[in-house]
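Here is a structure to explore at your own pace. Take a moment to look it over, then read on for a short guided tour.

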Amino acid sequence: MNMDPNLFDAIRKNDIATFSSLLKENEGILNQKTADSYSTPLHIASKYGCTEMVSEIISMCPDMVCVENKKHETPIHEACRQENTKVLMLLLDANPNAAYKLYASCKSPLFLACSHGHLDMVNHLLNLPEIAERSIAEFDQTCIIIAASRGHTDIVRELLNKWPELVQVIDEDGNSSLHHACNEGYREIIWILLRRDPNLALQYNNNGYTPLHLAVKNGRVSVLEDFVSTCSASFHYLTTEEETVFHIAVRYGCYHALEYLVKVSNGTNLLHCQDRYGNSVLHLAVSGGRHKIADFLISKTKLDINTRNSEGFTALDILEKAKDTAENRQLQAIFIRAGGKRSIQSSSRALEGDRTNFLSPIASRLSLSRRYISNELEMSHEILSIECTSPPELSKSADSRSPQQPQVSERFDIAAYKPQYLSPKSSGKHKHQSQKKMENLNQLYYAKRSKHMEMHKEALLNARNTIILVAVLIATVTFAAGISPPGGVYQEGPMKGKSMQHG
């Protein structure tokens, strides 16, 4: 039955006289509900904070404290949402257990109080005598999640003092309270949670991110400072895409976070790691159009700017395939000045073509002999250069263009780090990913260098053989011409041995 508008107005205005008059005229009017939300008179009185009206209704119908509206909320929910402690106390005096009922389709009253940051109301709920008899299983554990995600520090502290186990609670996406606090940058809550359990920093959510990853993703530099001093090992945990904290900072364009990470990461190899697709942070910066970050990586770090990804492309290759803009042209000039190179795939094909020419018939080699004779010395120098070249180390730059990084008071705890990096797939087991990648890069480098060197040596050997062949042919022709003059020679008589043509 829809609620009488006069009754609704009397309750909302806390008009006890009109309410009593309407009740005398029709005793069943107290059972009426609003058409839209199915709210009872007690819901309305609790929502508007009408203390006298709440007391009057409870005295006549105490069971109404537990009646649910369309959203499955009781009058206690309304009181907690509005932070009306006096109304809440009246409702709990009538039915203390109603506040701790686990609601299947809505959040508990305590959840609403935590959500809105109503500390006094939270304390009142937590300090009721009935709460001491309840286990954590009977408690709405998501309260800690909502309090942490909204930065209600005092409420987080009170909840953990009551139930320390709440620190381990995660939501449906696998996010802990620390994930939410790091995502929003609530430093004091982060400190409280890490103090309770430092291992929270190493837990992954369903997307494969640790709390630190979320802090980097959102550019929370102040949070990074806290992690350096409290849980430096978390910096070596990778995402499911095998991205480091540097990859995340670049991918989401967090320049200041990247700058800070570079300052505190001296002595580690994190900046030089590649993701599962072989992309360095510079590859990501270029492909994502992060020009300022790319300039910083080229000019201010010791990153090898010519590292190739799994497809064999350098960052400069990716840049040249991008749209022609003024920013891209400017970045390309920075690359070239810093020694940036394109991939060597095209040069490898050229070398293969030259090798085919050297294996052609003698006539072809004779026609090319003069060119190879003139280039023989140059080729010898090139082979020597190849033999003396070593693969670039991932932890060093290709040149000395970048200045020394400024000294800072806090750095990663290198002693806490191992060369192995950890990802969600390893489930806490150490993983030799970085070392394996470095070894694979070195093997690939040496294999290609060896192949090119053999091709050059074979080319030089073919050139030399061609020269010898030409020389032998010339000498043979010259000798034959000397001993067999045109027209023949006299075999007998006084002119014996002399040319017939001469006679």
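The briefing below goes from the whole chain to single helices and then to single residues.

This is a predicted model, and the protein chain averages a pLDDT of 78. Its secondary structure comes to 23 helices and 0 strands. Of the 503 residues in the protein chain, 43% are buried.

**How confident is the model?**

- At least 70 is the pLDDT score of 67% of the residues.
- Residues 349-409 are a stretch to read with care: pLDDT stays under 50 there. For these residues the model has 81 contacts beyond four places in sequence.
- Residues 414-420 also have a pLDDT below 50, and this stretch has 18 contacts in the model beyond near neighbours in sequence.

**The fold and its core**

- Look at contacts in the protein chain with a separation of 6 or more: 73% of them join residues 24 or more positions apart.
- The largest nonpolar core has 108 residues. Leu159, Phe227, Leu282, Leu297 and Phe335 touch the most other members of this core.
- Which helix gives this core its largest share? That is helix α16 (residues 255-264), with 7 residues.
- Try finding Leu159 and its surroundings: leaving out residues up to four places away in sequence, Leu159 touches Cys114, Leu126, Phe139, Cys143, Ile144, Ala147 and Leu166.

**Two covered helices, α16 and α18**

- Helix α16 is mostly covered, with 7 of its 10 residues buried. Those buried residues are Tyr255, Ala257, Leu258, Tyr260, Leu261, Val262 and Val264.
- What covers the buried residues of α16? The cover includes α13 (211-217), α14 (221-230), α15 (245-251) and α18 (291-300).
- In α18, the residues Ile293, Ala294, Phe296, Leu297 and Ile298 are buried.
- The cover over the buried residues of α18 includes α15, α16, α17 (281-287) and α20 (326-337). So that you can trace this in both directions, note that α18 is among the helices covering α16, and α16 is among those covering α18.

**A helix pair, α4 and α6**

- Two packed helices are described by the angle between their axes and the distance between the axes.
- For helix α4 (residues 51-60) and helix α6 (residues 85-94), the axes come within 9 Å and cross at roughly 10 degrees. Angles under 35 degrees count as roughly parallel, so α4 is roughly parallel to α6.
- On the α4 side, the residues that meet α6 are Thr51, Val54, Ser55 and Ile58. Their partners in α6 are Lys86, Val87, Leu90, Leu91 and Ala94.
- Sorted by class, this contact of α4 with α6 has 6 nonpolar, 2 polar and 1 charged residues.

**Two buried residues to find**

- Is Ser177, in helix α11 (residues 177-184), buried or exposed? Ser177 has a relative accessible area of 1%, and under 20% counts as buried, so Ser177 is buried.
- Not counting residues up to four places away in sequence, Ser177 touches Ile144, Ile145, Ala148, Val169 and Leu193.
- His213 has its place in helix α13. With a relative accessible area of 0%, His213 is buried.
- Around His213, apart from its neighbours within four places in sequence, the contacts are Tyr204, Gly208, Tyr237, Leu238, Thr239, Val245 and Ile248.

Key. Residues numbered from 1 in each chain as written. Predicted model: local features only at pLDDT ≥ 70, side-chain atom pairs only at ≥ 80, totals over all residues. Heavy atoms only, no water. Axes fitted to C-alpha atoms, helices over the stretch in contact; angles between N-to-C directions. Helix = DSSP H or I, 4+ residues; strand = E, 2+ residues; numbered from the N terminus. Parallel < 35°, antiparallel > 145°, perpendicular 65-115°, else oblique. Contact = heavy atoms within 4.5 Å. Nonpolar A, V, L, I, M, F, W, Y, C, P; charged D, E, K, R; others polar. pLDDT = per-residue confidence, 0-100. Core = buried A, V, L, I, M, F, W, Y, C linked by side-chain atoms within 4.5 Å. Buried < 20%, exposed > 50% of the residue type's maximum accessible area, 1.4 Å probe, protein only.
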